[in-house]
Amino acid sequence: MLRVRDLSLRYPTGKVALTDFSLSVEPGELVVVLGGNGSGKTTLLRCITRTLKPTAGGIWLGDTNLCGLEGEKLRRARLELAMVWQSASLVRRSSVLTNVASGALGRHSTLRTVFAGLPPAELASARGHLAEVGLADLAEQRAGTLSGGQAQRVAIARALAQRPRVLLADEPVASLDPEAAEEIMRLLQRLARSERLAVLCVLHQVELAYAYADRVIGIRGGRIAFDLPRSQVSREEVHRLYIHEAA
Ligand SMILES: Nc1ncnc2c1ncn2[C@@H]1O[C@H](COP(=O)(O)OP(=O)(O)OP(=O)(O)O)[C@@H](O)[C@H]1O
Ligand SMILES: [Mg+2]
């Protein structure tokens, strides 16, 4: 589904943040990229969403190379990729349901949504997505009143409203307590399976990577340090690799 091939990125400052980086994520799979601060994790996700234009390499979504697209074609292709950030960044004074439904905006004409709002069917599906993340009861609550863990689940429901094929998450558990962090990882794993989403999640917690990933990829200095199926590696090995190869 998502294939990143030999990706390199040099910032205008001259800093080379990614070098020949490759990975694949299939539908139904949760892949974790594990790396220390400054290793290039966010840069990688920004390249995949084409917020940054890679210096070299390709980003394939099925048969489409995002690096070859511009303008409206790029905008449409990007709808296939939804992003969840470290902070949920919800509109605090809007209801939870409105926040979730806003994920569908990109699929509708701006003119229509400005004058007539989203079609009622989108609000119905937004309720469905809220139920999927276990928060159906909070639809009418103001988003500003949610706990960190709830807000992150709403951000995931908003990403689902976009109806993506790929879900990208940049340290989605960084500001959560351990229990809420486990819940978010469990949710990402379940959505990968039930929605056949290709999920790529950036983390720096070895334990979470080991517990939930189908593959664990280490990144160090913008390069691949290791890429292993979780079933073929022990927790100790992931720790060792992370400390010696990635962190
Ligand atoms: N806009 C920028 N201009 C120049 N250099 C940048 C820019 N953004 C990031 N960098 C550099 O690129 C490298 C990778 O940064 P990146 O933010 O991708 O790391 P990260 O793995 O996400 O780190 P963290 O765990 O702290 O979020 C770092 O050395 C960083 O200083
Ligand atoms: Mg980062």
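Here are three short exercises on the structure above, each with a worked solution.

This is a predicted model, in which local features need pLDDT of at least 70 and side-chain atom pairs count only at pLDDT 80 or more, while totals for chains, interfaces and linings use all residues. Residues are numbered from 1 along each chain as its sequence is written, and chains are lettered from A and ligands numbered from 1 in the order in which they are written.

**Exercise 1. The shell around ligand 1**

Find how many residues surround ligand 1, and sort them by class.

Step 1. Use the cut-off: a residue is near a molecule if its C-beta atom, placed from the backbone, lies within 6 Å of it. This gives 13 residues, and the closest are Y11, N37, K41, T42 and T43.

Step 2. Look for the main contributor. Helix α1 (residues 41-48) supplies the largest share, three residues. Helices here are DSSP runs (H or I, at least four residues), as are strands (E, at least two), numbered from the N terminus.

Step 3. Sort by class. Ala, Val, Leu, Ile, Met, Phe, Trp, Tyr, Cys and Pro count as nonpolar, Asp, Glu, Lys and Arg as charged, and the others, Gly among them, as polar. The shell has two nonpolar, nine polar and two charged residues.

**Exercise 2. The two sides of helix α5**

Work out which residues of α5 are buried and which are exposed.

Step 1. Count neighbours: a residue is buried if 20 or more other C-beta atoms (placed from the backbone) lie within 10 Å of its own, exposed if 12 or fewer, and partly exposed in between.

Step 2. Apply this to α5 (residues 120-132). E122, A126, H129 and L130 are buried. They cover an arc of only 100° around the axis (using directions from the helix axis to the C-beta atoms), which puts them on the same side of α5.

Step 3. Turn the helix over: P120, A121 and A124 are exposed on the other side.

Step 4. Ask what lies over the buried residues. The cover includes α3 (96-101) and α6 (148-161).

**Exercise 3. The surroundings of P164**

Locate P164 and decide whether P164 is buried or exposed.

Step 1. P164 sits in the loop between α6 and β7 (166-170).

Step 2. P164 counts as buried because it has 21 C-beta neighbours inside 10 Å.

Step 3. List its contacts (C-beta atoms, placed from the backbone, within 7 Å). Leaving out residues up to four places away in sequence, P164 touches E80, L81, A82 and A159.

Note on methods: The expected span of a helix is 1.5 Å times one less than its number of residues. Two residues are in contact if their C-beta atoms, placed from the backbone, lie within 7 Å.
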